[in-house]
Amino acid sequence: MSFAILLIGTFVRDSRNIVYFLTQFTLVGAAAVTIMTMDGQVNFTFSNMYVDDLMGDFLKLMLYFSVAIVLVYSRGYMQDRKIESTEYYMLAIYATLGMMVMISANHFLTIYLGLELLSLALYAMVALQRDSARATEAAMKYFVLGALASGLLLYGISMIYGATGTLEISGVAQAIYHQAANRTILMFGLVFVVAGLAFKLGVVPFHMWIPDVYHGAPAAITLFIASAPKLAAFAMAMRLLVNGLFELADQWQSMLMFLAVLSIVLGNLAAIAQSNIKRMLGYSGISHMGFMLLGLMSGVVGGDRHFALNAYSSSMFYVVSYVLMSMASFGVVLLLSRAGFEAETLDDFKGLNKRSSWFAGVMAMVMFSMAGIPFFIGFFAKFSVLQAVVAAGYIWIAILAVVMSLIGAFYYLRVVKVMFFDEPVDSTPLTASADMRVLLSMNGVAIAALGLMPQTLMSLCAYSLLGSL
Amino acid sequence: MTGIPFLSLAIWVPIVGGLLALATGSDRNASAARFVALFFALAGLVVSIPLYTGFDVTTSAMQFVESYAWIPRFNIYYALGVDGISVLFVLLNSFITLIVVIAGWEVIQVKVAQYMAGFLIMSGLINGIFSALDGVLFYVFFEASLIPLFIIIGVWGGPNRVYAAIKFFLYTLAGSLLMLIALLYLFMESGGSFNILDWHQLKLGMDAQTLIFWAFLASFAVKIPMFPVHTWLPDAHVEAPTGGSIVLAAIGLKLGAYGFLRFSLPIAPDASQAFAPLIITLSLIAVIYIGFVALVQTDMKKLVAYSSISHMGFVTLGFFIFNPLGMEGALVQMISHGFVSGAMFACIGVLYDRMHSRQIADYGGVVNVMPKFAALFMLFSMANSGLPATSGFVGEFMVALGAVQFNFWVGFAAATTLIVGAAYTLWMYKRVVFGAITNHHVSELTDINNREFVFLAILAVCVLVMGIYPFPVTEVMHASVNDLLKHVAASKL
């Protein structure tokens, strides 16, 4: 396991530049270790507390990748607001570590440990802008609701322990398979686990924190929250539900269906009413997570499991694409912000095409992609999930989902509209560093390029899941 | 068959050209953008011509087929091919793109590069729609082609352009999303194939066919547009810049009709037969009712927009009476309408560039100051009303004959369009062009310049040639139409 992260001890030095580069170096190093230890085998370590499989490796690589990009995007923004500090990078690294633990946990408690590590780091990051009342409020809200959700999860875990007598994920699966567990207690536990999970994913009706936190946190932190943790939450869902409680698939699938449908409906409807782009992206994120759950709920049909690989890999593809799009969209928000000015409202995007055609184009691609218009990756993400849903026989849910994405298209189009059709109200030139510009451009191009050639990423997702089912 | 992938070229040459035009950047290099666009539009047309000259008219099979695995995970292929139906539209589209580039030459002064790029990219995507043999590839092109037109209407359009652009986008998206579900359903039913030709052979129960038929209908009816989902079209047309209107009328509307031929009829033949009375009724409503709506319009563009809906009603009517005369007539009508409506919008654009008004009432006596223009406009108006010796007549006459074979009263009702169509078009023409000069703005008009004369004259030649000698067009489609009708007649149950 890649604990090169413990380099953190060296981070007490004052120079922020060094810390920044050390952090990036750590991520690259962790990636290198992950690649070197990737052997396609499923290995258990630390007395079966951790598992190292291809799904974990793949998600972890995506994780390093996205955190590294997030740090590049956020650096200028944090500097402008004088909140770029050693702590920021340290928290980011801790959060990353937490997510890594979540991704390769093979034990309910390890998952919980990783989750708490991530959450605590995130609470602190949201509150990093000490003198902003809004950020503090958001952090408080996030903390209280997050603690509640952790409690729910822990309660559920304890029920499952009560029913099966073990907390090791594969052990739980064995116990349920042999009918050794008390169904009633197990079901209780399951409900709480799903609720805790739903909170972390931010799906309706456990989504209340999303808009406020997205809105209140400094945009750079919102970017962080809206990207990498989604990968970890997906991994958590896979570990808990698929690896641990697969025998109960019929039960949790119907719960996920409920959550997914509500999220897609509410996320899209509420996003229409937003004039703040961070809030809007927050609601759109809710609906995207709903879409991702659609894939997870289509794995097992009437006890038949041969859809599972297809369905789960489509979910995974969805979440990876979403992270890519989410990073680009918040990246543009950060690009437009500068010292003393937050590009938060839709009006701030007015006439972007006149100010910078290229970045207006990038944002337009992201928006079309999120709306699910081809040739962008978002289309194939929706396509593969819908394909799984239709294959599982839920045609009406697929129809509902596309009707809702039509509604979603409206608010994405509105962003394109203000950028291209309106006159600029603000003609300050964009002041972003060169590395951010280059990376953001590449991010945008990747969204188009992966839309033209989605095969590689799709089969990577499918391949990496093969060993874990 | 040669080894040169002409279809891929017809798709990608304009798209690459569009990207290059975009790369010329700001308006300082506007003339560079224009010449890049002209060159690639011309190149796009040149690479499409071998599709016609090398076309084998004796077979209904797909020709110029290319097929590569694109997304093996879902068995999706980059599969292209044309038959006698689609080859004509690829040509029409490449041709119209050239016209649009010329028509926008001096008219567009802001963001020239983006304007030209939009049309070139759209042209490539539309060629993709007509030649895709894979359901997902078709869908991808179909959806992606919305983006350029959305931007074109929104950026270079009239005062109410934002409303029109968003309405256009959402209407068409609504339909096509349902089509996506149908595609996924067919993928499942066919055991994992997105090949359209496989779907043609797929046996389906009546319930499944009904659902699929309606899903496709939702998509194509909006695109055509059929009554009662036609309301986006007048808005889009009125607000779009001239080039946008030309492409929308000449090509955009044909996409839906083409979809019927490629998807609805062959994949769900029994449902198509069962719902034919409904479609015929809607078509007749479009032909007659929308014809009368056109009569009372005061805005020239709106008038032509409604006349387009009415003409497209003729096309759907021709499809769903299931006889060769009707179907070939409908196809001829589609091609002809491509030329005629494109030309009508171009003419209105010529007037609008000078007067900045589309109101009929603002004009009068234009013939006195713009004689060359008046002559060409006259020809197109006559074609639009379906007078003999113009292309408009051939298609309408064939469909009307086919309709009479099918049922006398249907034919009778359809034929009234010859009267109504003549009434609204010629009446508008009379009010705008003839009579005494009504105001001093008109008296200051200058006749068309060489550039305008060239593209209008090219269109005029097309209209006349097709009207007098339509054989080269019908010859190409003959085998494919017969095969399609045979296919529709055979039950799949």
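Helices here are DSSP runs of H or I with at least four residues, and strands are E runs of at least two, both numbered from the N terminus.

**View 1. Chain B as a whole, in a predicted model.** By that count, chain B comes to 21 helices and two strands. Its radius of gyration is 21 Å, close to the 23 Å the globule rule gives for 493 residues, so chain B is as compact as a globular protein of that length. Along the principal axes, the C-alpha trace spans about 70 × 55 × 40 Å. As for packing, 62% of the 493 residues count as buried. Take the contacts in chain B between residues at least 6 apart in sequence: 80% of them join residues at least 24 apart.

**View 2. B:Leu120 and its surroundings in helix H4 of chain B.** Helix H4 covers residues 112-131. B:Leu120 has 29 other C-beta atoms within 10 Å, and because 20 or more is the cut-off, it counts as buried. Setting aside neighbours within four places in sequence, B:Leu120 is in contact with B:Pro14, B:Ile15, B:Gly17, B:Gly18, B:Ala21, B:Ala37, B:Phe40, B:Ala41 and B:Thr97. For scale, the C-alpha atom of B:Gly192, 72 residues away along the chain, is separated from that of B:Leu120 by 34 Å.

**View 3. The side of chain B that touches chain A.** Here 26 residues of chain B are in contact with 25 residues of chain A. On the chain B side, the elements giving two or more residues are helix H5 (135-144), helix H6 (146-156) and helix H7 (161-189). H7(B) gives the most, with 15 residues. By type, this side of chain B divides into 22 nonpolar residues, one polar and three charged.

Terms used. Residues numbered from 1 in each chain as written. Chains lettered and ligands numbered in written order. Predicted model: local features only at pLDDT ≥ 70, side-chain atom pairs only at ≥ 80, totals over all residues. Buried ≥ 20, exposed ≤ 12 C-beta atoms within 10 Å, placed from the backbone. Contact = placed C-beta atoms within 7 Å. Rg over C-alpha atoms; globule rule 2.2 N^0.38 Å. Nonpolar A, V, L, I, M, F, W, Y, C, P; charged D, E, K, R; others polar.
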